[in-house]
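This briefing is meant for a reader who is meeting the structure for the first time. Please look over the sequence and the model below before reading on.

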Amino acid sequence: MGDWSGYLTLILQGAWVTIKLTLMGSALALVVAFVAGLGRISRRAALRWLSTAYIEFFRGTSIFVQLFWIYFVLPMTGLWAPTPMQAGVLALGLNVGAYGAEVVRGAILAVPRDQYEACIAVNLTRFQRMRHVILPQALPLMLPTFGNNAIELLKATSVVSLISLADMTFQAQVVRSQTGNTLLPFVTILVLYFAMSSVLSLAIRSYERRVTRGLDGVR
Amino acid sequence: MDQPIIRIQNLRKSFGTLTVIDGLDFDVMKGEKLALIGPSGSGKTTILRILMTLEDISGGRIEVCGEPLYHMTKNGAEVPADEAHLHKMRRHIGMVFQHFNLFPHKSVLQNIAMAPILTKGEKRPDAERRARELLDMVGLADKADYMPSQLSGGQKQRVAIARALALQPQIMLFDEVTSALDPELVEEVLEVMKRLANETDMTMLLVTHEMGFAHDFADRVLFFDKGRIVEQGPPDQIFTAPQEDRTKSFLRKIIAAGQRV
């Protein structure tokens, strides 16, 4: 067990990959969630249809299969052969983004009609209404669920071990097969996953406190 | 004779199979103070909402400041107005709502200054200075940095009036602005409106259940029932010598409920 520090380094390298996947995947998911969420309530039927198709497809199929399609099937078209990291970020972002889109849509629709009417009465344009009145009130409604989605995404990152990307779970498997010790690597990654998700929920909760300031007594 | 600032011709509005306004015609002159009264469901609030472009119309025609509100000319033909046309027309009109509809995430000052900055391109310091003047006018100079949730109903409504005034519309619509207030807060809002009516030449349309206030405030009273004007005239005539039976029975009920007319 003298090499344990070397194995720990291996797992920490994996942890770094997991963190990168989580951050980039969440960033992509956030962008996609807003685009598809706004698309679903667009006045243009084509945009609504496209967004709905995307959301239903990515919620309705497994992230595992989506990852395989992106990594193994997409290159067969000759268009693009993503690296494992690119494939992982894409699959995670698109999958979680589909859930996020519904959150965005729901939160926007939850802002009272009164507020839209006040915007019209002070003659804001459609864009200004969204930007200055509706989204600032919808955002606090989205954050708790976004927090859940980000943690789901963190935990889902382990699927990339299946396309041999050396994330934390992958490295734990490596350590296990090299040392024959199952308990230590898996206790280590259990603790690390939990620590990461704790940091995520703390960060989101403190942001939530910031954006809801002044809205107390309103909801 | 001046052109009317609002001209409504054969206006119709239905929600599904329910017709709320049925072939309505009336003009409003510039600077006129109009009170719209009548039983619930008589279509008076709908008229204000239509003028604010919060509802579409089912038929007829409205002109505001000499231009059609819901129509525009395109290649020589008159077609339904698009969003850009409505946006242009809304500059003439402001509205105060029954439930205030303040922006809860913005301070009192921002509530008032936001629209002039965004829609008229006013500089922030100028817009905020004017917002403070308006707050002073409605008696809330010390509340500029409060959030709406920290205000009483009467204070919220006065902020909402200041917000509408900040855009300097030629026409102001007041939709049952005291109906959601506790009785002891009604007076402070009416006070502000009375001053506005006396000190400005803004055209004002008021939907109200406060008959006493309508009497003092209005140059002309329109009594509505079932989406039509039953009777109209100067307040003294409508409130003390109504001609139509519908008006008489409506006013009898109001007086029986203990209101001054």
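What follows takes the two chains in turn, then the place where they meet, and then some strand pairings.

The model is a predicted one, and the two chains differ in their make-up: there are eight helices and zero strands in chain A, whereas chain B has nine helices and twelve strands. The chains touch each other, with 20 residues of chain A in contact with 23 residues of chain B.

**Chain A**

- Read from the N terminus on, the elements of chain A run α-α-α-α-α-α-α-α, in keeping with the count of eight helices and zero strands.
- According to UniProt, in an unreviewed entry, the feature "domain: ABC transmembrane type-1" covers residues 15–204 of chain A; over that stretch the chain is 81% helix and 0% strand, and the C-alpha atoms at the two ends are 21 Å apart.
- Taken along the principal axes, the box filled by the C-alpha atoms of chain A is roughly 75 × 45 × 20 Å.
- Of the 219 residues in chain A, 35% are buried.
- When contacts in chain A between residues at least 6 apart in sequence are considered, 76% of them join residues at least 24 apart.

**Chain B as a whole**

- For chain B, an unreviewed UniProt entry lists "domain: ABC transporter" at residues 6–251, and over this range the chain is 38% helix and 28% strand, with end C-alpha atoms that are 27 Å apart.
- After the count of nine helices and twelve strands in chain B, its overall size can be set against a rule: the radius of gyration is 19 Å, which is close to the 18 Å that the globule rule gives for 261 residues, so chain B is as compact as a globular protein of that length.
- The C-alpha atoms of chain B fill a box of roughly 55 × 55 × 40 Å along the principal axes.
- Buried residues account for 42% of the 261 residues in chain B, and, among the contacts in this chain with a separation of 6 or more, 63% come from residues 24 or more positions apart.

**The two domains of chain B**

- The domain assignment divides chain B into domain 1, made of residues 1–92 + 171–261, and domain 2, made of residues 101–168.
- Between the C-alpha centres of domain 1 of chain B and domain 2 of chain B there are 25 Å, and the contact between these domains takes nine residues from domain 1 and eight residues from domain 2.
- On the side of domain 1 of chain B that touches domain 2 of chain B, helix 6 (residues 183–199) of chain B gives the most, with four residues.
- That side of domain 1 of chain B has, by class, seven nonpolar, no polar and two charged residues.

**Where chain A meets chain B**

- The contact joins 20 residues of chain A with 23 residues of chain B, and on the chain A side helix 5 (113–121) and helix 6 (126–156) each supply at least two residues.
- Helix 5 of chain A provides the largest share of the side that touches chain B, namely six residues.
- Sorted by class, the residues on the side of chain A that touches chain B are nine nonpolar, eight polar and three charged.

**Strand pairings in chain B**

- An open sheet of four strands in chain B has the order 2-1-4-5 with antiparallel pairing, and its edge strands, each of which pairs on one side only, are strand 2 (18–28) and strand 5 (67–68) of chain B.
- Within chain B, strand 1 (residues 6–15) runs antiparallel to strand 2 and is joined to it by eight bridges; Arg7(B) stands opposite Asp27(B) in strand 2 of chain B.
- Strand 6 (residues 71–74) and strand 7 (residues 77–80) of chain B run antiparallel and are joined by four bridges, with Lys74(B) opposite Ala77(B) in strand 7 of chain B.
- The hairpin of strand 6 and strand 7 of chain B has two residues between the strands, and in this hairpin Asn75(B) takes a positive phi near 50 degrees.
- Strand 11 (residues 220–225) and strand 12 (residues 228–233) of chain B pair in the antiparallel sense over five bridges, and Leu222(B) stands opposite Gln232(B) in strand 12 of chain B.
- In the hairpin of strand 11 and strand 12 of chain B, which has two residues between the strands, Lys226(B) takes a positive phi near 50 degrees.

How values were computed: Residues are numbered from 1 along each chain as its sequence is written. Chains are lettered from A and ligands numbered from 1 in the order in which they are written. This is a predicted model: local features need pLDDT of at least 70, side-chain atom pairs count only at pLDDT 80 or more; totals for chains, interfaces and linings use all residues. UniProt positions are given in the numbering used here, feature names are shortened, and annotations may be inferred rather than shown by experiment. Two residues are in contact if their C-beta atoms, placed from the backbone, lie within 7 Å. Ala, Val, Leu, Ile, Met, Phe, Trp, Tyr, Cys and Pro count as nonpolar, Asp, Glu, Lys and Arg as charged, and the others, Gly among them, as polar. Domain bounds come from an automatic or database domain assignment. The radius of gyration is taken over C-alpha atoms; the globule rule is 2.2 Å times the number of residues to the power 0.38. A residue is buried if 20 or more other C-beta atoms lie within 10 Å of its own, exposed if 12 or fewer, and partly exposed in between; C-beta atoms are placed from the backbone. Two strands pair if DSSP finds at least two bridges between them.
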